[in-house]
Amino acid sequence: MKYEYILNSVGDQIKLPFDEEGIAYCPICGVSLEHCLAYYPCGSPSEEICPSCNIQFGDDDVPTAEYKDLSTEEYFDIIRKQWLGRFPWKQEKVNQLINILGIDPDRLRKMRTKHHTQNHLGEACVMYRDPQGNICCPVCGIVWEDTSDWGFENFLASLEVCPCCSTQFFLDDYPDTPPNPHNPPEKRWTALRTAWLNKVDWSDQAITQLKNNLDLDVSR
Ligand SMILES: [Zn+2]
Ligand SMILES: [Zn+2]
């Protein structure tokens, strides 16, 4: 990718990606704009609408009143989070931001939300949600959709089976004995995670899912 820089209407620098053939990509979500431009070289917006993130360049591409203290790039991150949440956080879309826009993967990971919560035994644990509020499986990191009406506690006691790692919550991840500080939920989840990783032969996809969704670095 090649990048050109312009100043937008509020004086912030915008990085515009182009491929080798000169095709422009959306500076917010990284989708190919094909025969359109987001901004002209002079910095004027084109009034085009991005087909993927739906932002109209020249209309809703600068911080709104609600976000007036943010820079344009910080505001773009908010739009990116909403956009990623629609898929939700599909690897292909995350890679688009990394490969086309050159966004630091660490910055994307920080867009996820980390929650401190408790399970039904009163044990403290950390869970991750994507920006839409969907829960990430604490064992394998896959995003669970349509659990919005469950609380965290309900999720951990739901008896639901994860479609990816097959962990049955409240059964597989609970100890037989009363809570033991030497065997916290994180430790039990780690054991289940290792079993799952062995089952999928530590695939790159599994390792990436853990890194992106649970901020975990694992190696065999
Ligand atoms: Zn876009
Ligand atoms: Zn899982």
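**Figure 1. The two domains of the protein.** The domain assignment divides this protein into domain 1, residues 2-109, and domain 2, residues 113-214, and the model in which they are shown is a predicted one. Between the C-alpha centres of domain 1 and domain 2 there is a distance of 33 Å. Where the two domains touch, 9 residues of domain 1 and 8 residues of domain 2 take part in the contact. On the side of domain 1 that touches domain 2, the elements that contribute two or more residues are helix 1 and helix 2 (91-99), and the largest share, 4 residues, belongs to helix 1. Sorted by class, this side of domain 1 is made up of 4 nonpolar, 3 polar and 2 charged residues.

**Figure 2. The whole chain, from one end to the other.** The protein contains 6 helices and 6 strands, and a reader who follows the sequence meets them in the pattern β-β-α-α-α-β-β-β-β-α-α-α. The C-alpha trace spans about 70 × 40 × 25 Å along its principal axes. Of the 220 residues in the protein, 26% count as buried. Among the contacts with a separation of 6 or more, 41% are accounted for by residues that stand 24 or more positions apart.

**Figure 3. The loop around Lys 68.** Lys 68 sits in the loop that runs between strand 2 (13-18) and helix 1 (72-85). A residue is called exposed when 12 or fewer other C-beta atoms lie within 10 Å of its own, and because Lys 68 has 10 other C-beta atoms within 10 Å, this residue is exposed. Pro 45 is 23 residues away from Lys 68 along the chain, and the C-alpha atoms of these two residues are separated by 19 Å.

**Figure 4. The hairpin of strand 3 and strand 4.** Strand 3 (residues 113-118) and strand 4 run antiparallel and are joined by 6 bridges. Two of the pairings can be followed residue by residue: Thr 113 has Arg 129 of strand 4 as its bridge partner, while the bridge partner of Lys 114 in strand 4 is Tyr 128. The hairpin has 5 residues between the strands, and in this hairpin Gly 122 takes a positive phi near 80 degrees. Of the 6 residues of strand 3, the number buried is 0, and therefore this strand lies largely in the open.

**Figure 5. Helix 5 and its buried side.** Helix 5 is formed by residues 185-199, 15 residues in total, and from its first C-alpha to its last it reaches 21 Å, close to the 21 Å expected at 1.5 Å a residue. The buried residues of this helix are Pro 185, Trp 189, Arg 193, Trp 196 and Leu 197. Because they cover an arc of only 100 degrees around the axis, these buried residues are on the same side of helix 5. An α-helix has 3.6 residues a turn, so residues three or four places apart point the same way. The buried residues of helix 5 pack against strand 4 (124-129) and against helix 6 (204-214). Lys 187 and Asn 198, by contrast, are exposed residues carried on the face of helix 5 that is turned away from its buried side. Just after helix 5, Asp 201 takes a positive phi of about 60 degrees.

How values were computed
Residues numbered from 1 in each chain as written. Chains lettered and ligands numbered in written order. Predicted model: local features only at pLDDT ≥ 70, side-chain atom pairs only at ≥ 80, totals over all residues. Expected span 1.5 Å × (residues − 1). Buried ≥ 20, exposed ≤ 12 C-beta atoms within 10 Å, placed from the backbone. Arc of directions from axis to C-beta. Contact = placed C-beta atoms within 7 Å. Pairing = 2+ DSSP bridges. Domains from an automatic or database assignment. Nonpolar A, V, L, I, M, F, W, Y, C, P; charged D, E, K, R; others polar.
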